[in-house]
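Please walk through this protein model with the structure open beside the text. The account begins at one hairpin and works outward from there.

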Amino acid sequence: MTDLDAIDRRILTELQADARISNAALADAVGLSPSPCLRRVRALEREGVVKGYAALLEAAAVGLPISVFVQVTLERQIEQALETFETAIQGRPEVMECYLMTGDADYLLRVVVSDLTAYERFLKEHLTRVPGVASIKSSFALNQVKYSTALPL
């Protein structure tokens with residue numbers, strides 16, 4: 001669904017700000033009656049524009065105050081090596097994001113852990129054991145300056 005009109009964009013903006021908003025409040029906010037608003041939301045969900053709904057947690061409050069950005073370079077950038085790495089990473093709960101990159105590193109990961117010992121354990125017991133990993137460079141976040149889950153519509 002690539003043809004989003006102004007009302008669809010307003011619906012998406014409101015949902016990004018508060019995914020728990022009631023349909024009645026959403027309809028009022030975007031200038032529709034509840035039934036057409038609900039039909040539009042369902043259509044956006046069906047088309048995959050709205051992938052899902054989630055609660056955003058404060059990482060430090062749940063014992064995961066350390067964010068690490070990890071650059072991973074593989075020995076070879078062939079399809080099998082990429083698939084092997086991606087499959088291994090999919091199973092790691094501490095990996096919040098993983099991107100195949102251009103540039104110096106093949107992958108960029110965002111990892112959250114409770115402390116340096118937990119990161120060392122992740123590194124030694126998991127990341128370094130993935131076949132084909134040639135190098136790993138870790139950078140620890142000192143302070144989160146900006147974080148947003150809302151796309152600029």
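**From the hairpin to the sheet**

In this predicted model, strand 2 and strand 3 form a hairpin with 6 residues between the strands, and Gly103 in that hairpin takes a positive phi near 100 degrees. The two strands of the hairpin run antiparallel and are joined by 5 bridges, strand 3 covering residues 107-113. Two facing pairs can be used to find the register. Tyr99 stands opposite Leu108 in strand 3, and Glu97 stands opposite Arg110 in strand 3.

The hairpin belongs to a wider arrangement. Which order do the strands take in the open sheet? The 4 strands are arranged as 2-3-1-4, with antiparallel pairing. Strand 2 (95-100) and strand 4 (133-140) are the edge strands, each pairing on one side only. On average, and with direction ignored, neighbouring strands of this sheet are turned by 20 degrees against each other.

Moving across the sheet from the hairpin, the next pairing is that of strand 3 with strand 1. These two strands pair in the antiparallel sense over 7 bridges. Ser67 stands opposite Val112 in strand 3, while Val72 has Tyr107 of strand 3 as its bridge partner. Strand 1 also pairs with strand 4, again in the antiparallel sense and over 7 bridges. Here Thr73 stands opposite Ser135 in strand 4.

How much of strand 3 is buried? Of its 7 residues, 6 are buried, so strand 3 is largely enclosed by the rest of the structure. Helix 4, residues 79-90, lies across strand 1 (66-74), strand 2, strand 3 and strand 4, and runs at about 15 degrees to strand 3.

The loop between helix 4 and strand 2 holds Glu94. Is Glu94 buried or exposed? Its relative accessibility is 15%, and because buried means under 20%, Glu94 counts as buried. Leaving aside neighbours within four places in sequence, the contacts of Glu94 are Arg110, Val111, Val112, Val113 and Phe122. Arg110 is the residue that Glu97 stands opposite in strand 3, and Val112 is the one that Ser67 stands opposite.

The sheet also contributes to a pocket. The largest pocket has a volume of about 940 Å³. It is lined by 26 residues, of which Ala59, Ser67, Arg110, Gln144 and Tyr147 are the closest to its centre. Strand 1, strand 2 and strand 3 each supply at least two residues of this lining.

At the other edge of the sheet, Ser138 sits in strand 4. Ser138 is partly exposed, with a relative accessible area of 32%. Not counting residues up to four places away in sequence, Ser138 touches Val68, Phe69, Val70 and Tyr119. Arg40 provides a contrast in position: its C-alpha atom is separated from that of Ser138 by 43 Å, with the two positions 98 residues apart along the chain.

Past the sheet, Leu153 is placed in the segment after strand 4. Which residues is Leu153 in contact with, leaving aside its neighbours within four places in sequence? They are Arg9, Leu12, Thr13 and Gln16. Leu153 and Leu12 are 141 residues apart along the chain, and their C-alpha atoms are separated by 8.1 Å. Leu153 has a relative accessibility of 44% and counts as partly exposed.

The cysteines remain. How many disulfides does the structure hold? The number is 0. Cys37 has 0% relative accessibility and counts as buried, whereas Cys98 is partly exposed, with a relative accessible area of 30%.

Conventions:
Residues are numbered from 1 along each chain as its sequence is written. This is a predicted model: local features need pLDDT of at least 70, side-chain atom pairs count only at pLDDT 80 or more; totals for chains, interfaces and linings use all residues. Side-chain values use heavy atoms; hydrogens and water are left out. A disulfide is a pair of cysteine sulfur atoms within 2.5 Å. Buried means under 20% relative accessible area, exposed over 50%, partly exposed in between (1.4 Å probe, protein chains only). Two strands pair if DSSP finds at least two bridges between them. Axes are lines fitted to C-alpha atoms, for helices over the stretch in contact, and angles run from 0 to 180 degrees between N-to-C directions. Contact means heavy atoms within 4.5 Å. On a 1 Å grid over the protein atoms alone, a cavity is a set of points where a 1.4 Å probe fits but cannot get out, and a pocket is an open set with protein on both sides within 12 Å along at least five of seven lines; lining residues have an atom within 4 Å of a point. Grid points are joined across faces, edges and corners, and a volume is the space filled by probe spheres set on the points.
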